[in-house]
Amino acid sequence: MLDLQRLRALHAVSVHGSVGAAALALGYTSSAVSQQIAKLERETRTVLLERAGRGVRLTDEAHQLVSTASELLAIVERAETELEERRGVPAGRLTVAAFPSAARGLLPPVLADLARRHPGLDARLTEIDPHLSVGLVAKGAVDLAVAHDWDIAPLPAPEGVEHATIGEDLCDLLVPVGHRLAGRSGVRRSELGGERWVCQPPGRVCHDWLLRTLRAAGHEPEVVHQAEENPTLVALVAAGLGVALIPRLGRGPLPEGVVEVPLDPMPVRRLYALWRTGAARRPAIAETVRTLRQHWPDVAAPQHR
């Protein structure tokens, strides 16, 4: 008989694209995942992974097995959901994915609250880019995700995935001390022409939002520095190397040399919790979503900016 844990390991490699990423998502070491797949290859007498440059790719036989694994894992999930629903209390393992600023600014108090009130619940966090989270939920790679969208890029809602709004995260213009806009009580988007910008790389929602928004205001943004993490962007502004639009969630106190200027209208991104429709009855899902929404006013309060 095929071992479910080994099928889970192969499924994770398929979803996450590499052995290392699969190991991170499963909470194992890379060698442990490789060993699980090697045992599965011996059980099936089939080559499942082939070298492709520095990584691996799934063989045709592996893709067929992954399809079967998806069905089996869905059956297991339904069984676990039914048992937890009968008990009526949050329990078991709950994998949560969140984008970096939510993982830093929102999830720590939420996870600590859940652990204190529900010792039978084993919630585990993985930090991941927001544009990947919806797909991971749909594929069953994570149980719940915290994602965000902007007005120009609504959150996709594929069939089989439900979501609930957590709250709205405001976004400010950050400029160096002495900048022409420092000290203003508000700045319109039409006034942002000619600035040197620091922002996230292309393909990130924040980057795309900046380009579309400024172009709509008649400006072609000049992006001079790119970085993945908001603290790095803030440091670049503090060094006088450009201006940035940074959401408040997880930003932390601004360093000396950086001034916050409100935009008019102020950019807003919406935060959501997402989960598979089949798991909606799990008390763990319902309780985690409730706790996320309960903690949001605290992390979004002005004194936490």
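Let's start with strands E1 and E2. E1 covers residues 49–52 and E2 covers residues 55–58. They run antiparallel, and four bridges join them. To place one pair: Glu50 has Arg57 of E2 as its bridge partner. The two strands make a hairpin with two residues between them. Look at the turn. Gly53 sits there, with a positive phi of about 65°. Keep in mind that this is a predicted model.

Now step back along the chain to Arg45. This residue is in the loop between helix H3, residues 30–44, and E1. Its phi is near 50°, so here is a positive value in a residue other than glycine. Most residues other than glycine have a negative phi. Is Arg45 buried or exposed? Arg45 counts as exposed because its relative accessibility is 77%, and the cut-off is over 50%.

Next, the whole chain. The protein has 305 residues, and 45% of them are buried. The secondary structure comes to ten helices and 13 strands. The C-alpha trace spans about 70 × 50 × 30 Å along its principal axes. What about contacts? Take those between residues at least 6 apart in sequence: 76% of them join residues at least 24 apart.

On to helix packing. Two pairs to show.

The N-terminal pair is H1, residues 4–16, with H2, residues 19–26. Their axes come within 8 Å and cross at roughly 115°. The crossing of H1 and H2 is right-handed. Who makes the contact? From H1, the residues are Arg8, Ala9, Ala12, Val13 and His16. From H2, they are Val19, Ala21, Ala22, Ala25 and Leu26.

The other pair is H6, residues 107–117, with H10, residues 283–299. Here the axes are 10 Å apart, and the packing angle is about 130°. Why is H6 called oblique to H10? Because an angle of about 130° is neither over 145 degrees, the cut-off for roughly antiparallel, nor in the 65 to 115 range for roughly perpendicular. This crossing of H6 and H10 is right-handed. On the H6 side, the contact residues include Leu107, Pro109, Val110 and Leu114, along with Asp113 and Arg117. On the H10 side, they include Glu287, Thr288, Arg290 and Thr291, followed by Leu292, Gln294 and His295.

A single-residue stop in helix H8, residues 205–216: that is where Thr213 is found. Thr213 counts as buried because its relative accessible area is 10%, against a cut-off of under 20%. Which backbone oxygen lies 2.8 Å from a polar atom of the Thr213 side chain? The one from Trp209.

Last stop, the stretch leading into strand E13. The peptide bond from Asp264 to Pro265 is cis, with omega near 0°. Most peptide bonds are trans. Pro265 lies in the loop between E12, residues 263–264, and E13.

E13 itself covers residues 268–276, and Val268 is found in it. Val268 counts as partly exposed, because 23% relative accessibility falls between the 20% and 50% cut-offs. What does Val268 touch, leaving aside neighbours within four places in sequence? The contacts fall in two stretches of numbering. There is Asp149, Trp150 and Asp151. Then there is Glu168, Asp169 and Leu170. Compare Leu4, 264 residues from Val268 along the chain. The C-alpha atoms of Val268 and Leu4 are separated by 43 Å.

That's the tour. Questions welcome.

Notes. Residues numbered from 1 in each chain as written. Predicted model: local features only at pLDDT ≥ 70, side-chain atom pairs only at ≥ 80, totals over all residues. Heavy atoms only, no water. Buried < 20%, exposed > 50% of the residue type's maximum accessible area, 1.4 Å probe, protein only. Contact = heavy atoms within 4.5 Å. Polar contact = N/O pair within 3.5 Å; in protein donor to acceptor, adjacent residues only side chain to side chain. Pairing = 2+ DSSP bridges. Axes fitted to C-alpha atoms, helices over the stretch in contact; angles between N-to-C directions. Parallel < 35°, antiparallel > 145°, perpendicular 65-115°, else oblique. Left-handed = near helix turned anticlockwise from the far one by under 90°.
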